[in-house]
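Welcome! Please look through the structure below before trying the exercises.

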Amino acid sequence: MPAPLRLALLAAFAGHLLVHSLQPSPLARAIDLPAPPPLAMMRLAALGDALPLAQLSTLYLQAFDNQPGVSVPFADLDYGRLRDWLSLLLALDPIGQYPLLLASHVYAQVPIEARQRSMLDFVRQSFDADPDRRWRWLAHAAILARHRLQDTDLAIAYARAISELATGPSVPGWARQMSVLLLADRGEVEAAKVLLGGLLASGAVSDPQEIRFLLERLAGSAPLPKPAQGSDAR
Amino acid sequence: MQAPNSTAGGRWPLQLFTIAGFTLLEAWRSRLPWLLAGSLALALAAGLFAAELAITESARFRIALIASGVRFAWVFILAVYVISSLTRELNERGFESALSLEVTRTTWVLGKLAGFISLAAVAVGSVCVMLLIALPPLAALAWSASLLFELAIVIAMAQFFTLSLASVPAAAVLSAALYVLTRSIDALVLIASGSPLLAAGPWRDLSRLGTEALSWVLPSLDRFAQTGWLVDQLPAPGMLGLQFVQCLVFVSLLTAAALVDFHRRDL
């Protein structure tokens, strides 16, 4: 290799290092969570296969609190935009449960009641679209409402929604019974009996062991309707 | 100069298979299988990495991202390979040697197409074998078959643009644009027909009619090889059959158009 060429290469590399040394050091700067793109644009960007894009977007949202050189507390996130993002992700991938896990187990952990309620409300609204798959997130939301927010009324409302709407075979008995047990815990035995009576009449609760357990919890004496005919023990 | 338009009796099937065989041999010698395998390995690594980041549904993440990555990588690689291979052969006049041996232009084009699609079939077959290890057989087979149909359409697109334009950049850009359009045509129809941003009036009607007309002409590649088939639920009954017919029709259309242009070319 000719010597001038070698010198030129070394000089160019040295010049590159010099220019880099003159640049200011990078500063860690937290950026706000941006508003999500419209659903139509996301579907367009997905080129017809929304599932992978929904998954990558979920990872982006999940990791947003860990920005280069900065860790953003959840409390500093815009929960309105966060909710919009979670709604978008569910719209792109209705079968996936990831956004509901994030809402109920991650973003609802922030110790600010308004934000916790926002996430629980998101779970409640999303539950209606697919109760048989999304019941467990609403069940967790009911537990959070009862024990973190100390709002038994809200917990009972969530539990009633599970009892009434999540009727698929994969929904376990304890989830359908939550409302009965919450009412009993609050001392509303009569209301719990009415609810249990409704579950028995509809055939939602038919297993003899399950019925005995609930009756023992209620420790009531008033007669209850017989279980619906033809329902299989679960 | 045009070779005698002779089918040489019944020799054209043998000629077609010979050209297809040499196309496969050329792909092997140009190390294309290594490139396909490398892209598969990269997609596997990316999918595994992403699955490690997920705090739930990690298997779903892994499979969906690997499948999607493989699909887009192989569409890109095969399209570029078809364009570059055909352009090189046109520039080096290699096909004229074939034409001088009483191979018709039609046989040559069909032979090349068969070779490229066979190459895609071998690649998809290898992925299918891997999927069968980890997934239910029906899901793996359905997705693999649909991916092969999609790749066949992409190959026919790339061949058509190359034989018509004989320019690598133009063929590549148009193939990419047409692929993106076929994958997003349904979304465009929905946007054009339901967008509240477009005021009701002639322009909105025009955009709606235009996108609907395009959707009639183009295949809906967004319904091909859905990753949801691998992780959620199988395709609807008859979907694969419909996609096979769509592939057959569109590949025939593109090949016929390519032959029209190729037959008009002066040698």
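The exercises below walk through contacts and cores in this predicted model.

**Exercise 1.** Find how many residues each chain gives to the contact between chain A and chain B, and which helix of chain B gives the largest share.

*Solution.* Start with the totals: chain B brings 24 residues and chain A brings 15 residues. Next, look at the helices on the chain B side: α2 (32-53), α3 (58-91) and α7 (168-194) each supply at least two residues. Of these, α7(B) has the largest share, with seven residues. Finally, sort the chain B side by class: eleven residues are nonpolar, six polar and seven charged.

**Exercise 2.** Work out how the two domains of chain A meet.

*Solution.* First locate the domains: domain 1 covers 36-65 + 73-162, and domain 2 covers 172-226. Their contact takes ten residues from domain 1 and seven residues from domain 2. On the domain 1 side, α7 (131-147) and α8 (152-165) of chain A are the elements giving two or more residues. Here α8(A) gives the most, six residues. By class, the domain 1 side has seven nonpolar residues, one polar and two charged.

**Exercise 3.** Describe the largest nonpolar core, then find another core apart from it.

*Solution.* Begin with size: the largest nonpolar core has 114 residues. The residues with the most contacts inside this core are B:A120, B:L151, B:A152 and B:I155. Helix α6 (residues 137-165) of chain B provides its largest share, 18 residues. Chain A takes part too, with at least three residues from each of domain 1 and domain 2. Another core, of five residues, lies apart from this one and includes B:A187, B:L188, B:I191 and B:A192.

Methods. Residues are numbered from 1 along each chain as its sequence is written. Chains are lettered from A and ligands numbered from 1 in the order in which they are written. This is a predicted model: local features need pLDDT of at least 70, side-chain atom pairs count only at pLDDT 80 or more; totals for chains, interfaces and linings use all residues. Helices (H or I, at least four residues) and strands (E, at least two) are DSSP runs, numbered from the N terminus. Ala, Val, Leu, Ile, Met, Phe, Trp, Tyr, Cys and Pro count as nonpolar, Asp, Glu, Lys and Arg as charged, and the others, Gly among them, as polar. Domain bounds come from an automatic or database domain assignment. A nonpolar core is a set of buried Ala, Val, Leu, Ile, Met, Phe, Trp, Tyr and Cys residues joined through C-beta atoms within 7 Å. A residue is buried if 20 or more other C-beta atoms lie within 10 Å of its own, exposed if 12 or fewer, and partly exposed in between; C-beta atoms are placed from the backbone.
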